[in-house]
Amino acid sequence: MATRTITLDPVTRIEGHLRIDAEVSNGQVSKAWSSAQMWRGLEIILRGKEPQDAWILAQRICGVCTTVHAIASIRSVEHALKVKLPLNAQFIRNIIMAQHSVQDHIVHFYHLSAMDWIDVLSALKADPKKTAALAQSLSDWPGNSETEFKAVQDKLTRFAASGKLGIFASGYWGHSAMKLPPEVNLMAVAHYLSALDYQRKAAQIVAVLGGKNPHIQNLVVGGVATAINVDNLATLNMERLSLIRTLMEETRDFVKKVYYPDVLAIAEAYKEWFKYGAGVTSYLAVPELPIDEDSKGFTLPGGIITKGDLANFRPVRTQADEYLINNIQESVAHAWFDGTAPLQPWKGETAPNYTDFKPDGKYSWCKAPRLAGQPVQVGPLAQILVGYAAGNGWVKPLVNEANAKLSIGIADYHSTMGRILTRGMRACIMADLSLEQLDKLISNIASGDQTYANPTEIPNGEFQGVGFHEAARGSLSHWMVFKNKKITNYQAVVPSTWNASPRDEQGAMGPYEASLVGTPVADPEKPLELLRTVHSFDPCIACAVHAVDPAGKEITTVKVL
Amino acid sequence: MKILIFGAGNLLLSDEGFGVHAIRYLEQHYRLPEDVELFDAGTLGLMATHKIEESDRVYLLDVVAAEGEPGTVLRYAKADFMLNRVPLKLSPHQAGVQEMLLISELRGRCPRDIFLLGVIPATTEPGETLSPVLQKRLPEIAETLVNELRASAGLSIASR
């Protein structure tokens with residue numbers, strides 16, 4: 001079979017940010033390129049601003065991961081000035097982070113990733129009674145009733161009859177790579193429709209604690225501005241805290257009784273996808289959910305795994321880990337920026353210079369971050385592998401249970417399905433940890449601690465700091481340099497920069513690119529397999545531009561420089 | 001009747017952030033009754049579906065990719081801008097307002113009264129302020145919307 005090139009370029013569709021080019025020969029991908037098609041101007045906008053306010057603009061980088069950028073930004077100032085955080089502030093931030101992840105994972109799975117595996121047309125043929133029996137065998141979720149599945153199927157049938165099911169026409173239904181039985185498809189579609197109700201509950205929790213959702217209002221350097229007084233109606237009181245608990249329990253139940261069982265069902269049906277999509281098997285996760293005022297102890301461990309070798313992983317014990325800070329550099333060898341040698345982000349430059357897509361030259365707006373010169377993969381897979389290697393009590397039991405259930409081993413995790421499975425595990429852990437952190441917050445308040453912030457003035461002089469956060473999509477870092485109370489340099493190294501990275505000076509591919517090589521493609525006209533692998537990373541090419549197109553055609557108005 | 005004014009946009013890309021700038025302007029310049037909610041949706045996409053579903057009438061403020069002079073405002077009713085299919089996506093960030101409405105429709109919860117007030121942008125280059133053209137138009141557009149609320153919903157709305 002001849003070699004041909006497939007371009008998945010949503011720029012020609014709507015709000016394009018990410019373009020994937022793949023060369024396919026003999027039915028599988030031989031070369032791949034990942035290209036970010038948007039330039040993010042945050043770094044330039046922040047120059048000259050005051051460091052303590054950067055987080056407010058930083059959370060506008062992207063609409064889905066608002067809070068994570070706010071956290072990383074404020075942490076960069078706290079790192080620079082060596083500020084400690086009161087326990088109450090740690091717990092409140094931890095809850096916001098954990099619930100944001102729950103919300104994010106639910107939406108990613110059902111509204112982006114699941115449709116690569118579910119055939120909605122096949123759901124029309126399902127027997128609702130058998131579907132209910134199947135779903136009830138997986139969990140005791142009350143929504144898994146024959147009546148519910150029948151109602152969803154009727155709705156789909158009506159949409160199909162009126163020609164409206166064409167709304168999903170971009171999904172590759174009927175594709176030979178789709179193989180779930182009709183009943184599993186119907187179950188998953190029903191859950192897809194209810195998922196939005198649960199992401200909403202998680203959003204509500206963030207809004208109660210953070211002042212507003214999606215853009216939280218409650219951060220200050222040294223803590224949070226959330227006022228809690230268990231007896232005062234004007235502040236966050238017992239009634240609001242008990243509302244939060246109820247919402248957390250509801251989202252936890254959805255994650256554990258619906259989302260995770262659906263992930264396991266898809267993993268079981270598509271087991272061969274534990275063989276594809278490994279790509280870069282070096283990983284980075286930073287420790288997250290600090291448990292003390294000094295941010296020395298963390299609930300979930302950080303670490304660096306080199307080339308899949310879990311036995312010799314290198315722990316990253318704090319977010320101020322010097323090895324980590326000193327070994328992150330960004331290359332622009334294949335990115336549309338001027339510059340020569342790779343630079344550490346504090347010295348990073350943002351000098352855009354667009355020169356068209358050149359597969360052997362520059363082809364992306366994404367810089368290529370490297371850890372000690374090597375590409376690394378970040379995300380839930382990295383965090384779960386590091387947690388497993390470290391023997392973490394939240395991670396290890398889930399992994400062991402999944403391995404037994406699916407008859408897989410830890411080596412199978414370096415794969416497309418491994419990323420989907422571990423994201424489901426991470427959602428379970430974050431849902432549980434939200435409640436654990438809420439208990440800690442309430443008992444700390446009950447013990448008489450009324451401190452929420454260590455108020456911090458920005459001093460004159462020059463400082464540099466880095467704020468790390470293990471976010472829903474992986475390790476995030478904001479790097480800030482400020483002088484006499486004004487920002488002089490700002491660089492955000494986001495999870496998708498690590499994963500969507502282009503090649504570097506040595507020609508080493510980034511994780512998306514490497515993961516696609518070797519992927520089988522049954523029909524180059526419908527490259528469903530490529531989408532499965534790219535979606536498994538949960539791509540987030542920040543800077544969402546989303547002009548509405550009244551004609552309903554596929555467009556973008558993004559003007560690249 | 002619960003009315004939602006839904007401002008969408010990316011605040012870091014000048015005119016792209018028009019919807020958010022408009023929400024802020026309305027907050028500062030008008031006293032709106034309790035059943036009118038101003039919502040700064042940023043670029044939340046799908047994750048804002050519940051805000052729409054919990055309202056009886058929605059006004060979306062956004063930029064539109066239409067031909068014409070920058071600053072021109074186009075008004076659309078629901079049927080005018082509903083998509084007839086979900087386009088291929090590589091990222092959840094690409095799910096915009098139109099996809100959100102479509103999924104809401106499938107859930108059977110999308111309100112009937114949804115209007116889009118779309119303004120044609122002058123620039124979407126990085127920047128945290130509106131272009132002079134849109135800056136100048138903003139008060140007029142806000143007043144038009146407030147007048148519509150006064151006329152169609154019989155609300156009394158005072159300026160601040």
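## Burial and what the model is

A residue counts as buried if 20 or more other C-beta atoms lie within 10 Å of its own, exposed if 12 or fewer, and partly exposed in between, with C-beta atoms placed from the backbone. B:E27, with 14 other C-beta atoms within 10 Å, is therefore partly exposed. We'll come back to that residue below.

This is a predicted model, in which local features need pLDDT of at least 70 and side-chain atom pairs count only at pLDDT 80 or more, while totals for chains, interfaces and linings use all residues. Residues are numbered from 1 along each chain as its sequence is written, and chains are lettered from A and ligands numbered from 1 in the order in which they are written.

## How far to trust it

For the complex, the predictor gives an ipTM of 0.82 and a pTM of 0.90. Residue by residue, the score to look at is pLDDT, the predictor's confidence on a scale from 0 to 100. Chain A averages 88, with 89% of its residues scoring at least 70. Chain B has a mean of 85, and 91% of its residues reach 70 or more. Within chain B, confidence is lowest in helix α3 (residues 78–81), at a mean of 76, and highest in strand β2 (residues 30–31), at 96. Helices here are DSSP runs of H or I with at least four residues, strands are runs of E with at least two, and both are numbered from the N terminus.

Some stretches drop under a pLDDT of 50: residues 9–16 of chain A, residues 542–561 of chain A and residues 90–94 of chain B. The model still has contacts beyond four places in sequence for them, a contact being two residues whose C-beta atoms, placed from the backbone, lie within 7 Å. There are 73 such contacts for A 542–561 and 31 for B 90–94. Where pLDDT is low, the predicted coordinates should not be read in detail.

## Chain A: two domains and their contact

Chain A has 16 helices and 15 strands, and buried residues make up 57% of its 561 residues. Of the contacts between residues at least 6 apart in sequence, 75% join residues at least 24 apart. The chain is divided into domain 1 (1–53 + 278–396 + 406–414 + 456–561) and domain 2 (84–277 + 416–452), with bounds that come from an automatic or database domain assignment.

Where the domains touch, domain 1 of chain A puts in 37 residues and domain 2 of chain A puts in 36. On the domain 1 side, the elements giving two or more residues are β7 (288–290), α11 (380–389) and α16 (528–536) of chain A. Of these, α16(A) gives the most, with seven residues. By class, that side has 16 nonpolar, 14 polar and seven charged residues. Nonpolar means Ala, Val, Leu, Ile, Met, Phe, Trp, Tyr, Cys and Pro, charged means Asp, Glu, Lys and Arg, and the others, Gly among them, are polar.

## The cores

A nonpolar core is a set of buried Ala, Val, Leu, Ile, Met, Phe, Trp, Tyr and Cys residues joined through C-beta atoms within 7 Å. The largest has 189 residues, and A:I106, A:V189, A:L385, B:F6 and B:L60 touch the most other members. Helix α8 (residues 182–210) of chain A gives the most to this core, with 16 residues. Both domain 1 and domain 2 of chain A supply at least three residues each.

Leaving out residues up to four places away in sequence, B:F6 touches B:F39, B:A41, B:K51, B:I52, B:V58, B:Y59, B:L60 and B:L61. A second, separate core of 24 residues includes A:L18, A:A36, A:C366 and A:L516.

## Helix α1 of chain B

Helix α1 (residues 18–29) of chain B has 12 residues, and its end C-alpha atoms are 16 Å apart, in agreement with the 16 Å expected at 1.5 Å a residue. That expected span is 1.5 Å times one less than the number of residues. Buried in α1(B) are B:F18, B:G19, B:V20, B:H21, B:A22, B:I23 and B:L26; what covers them includes β1 (3–8), β3 (36–42) and α5 (132–153) of chain B.

B:E27 also sits in helix α1 of chain B. Its C-alpha atom is separated by 7.5 Å from that of B:L38, 11 residues apart along the chain.

## Positive phi in chain A

Most residues other than glycine have a negative phi. A:K307, not a glycine, has a positive phi of about 45° and is found in the loop between β9 (302–306) and β10 (309–316) of chain A. A:K307 is exposed, with 10 other C-beta atoms within 10 Å. A:K485, also not a glycine, has a positive phi of about 70°.
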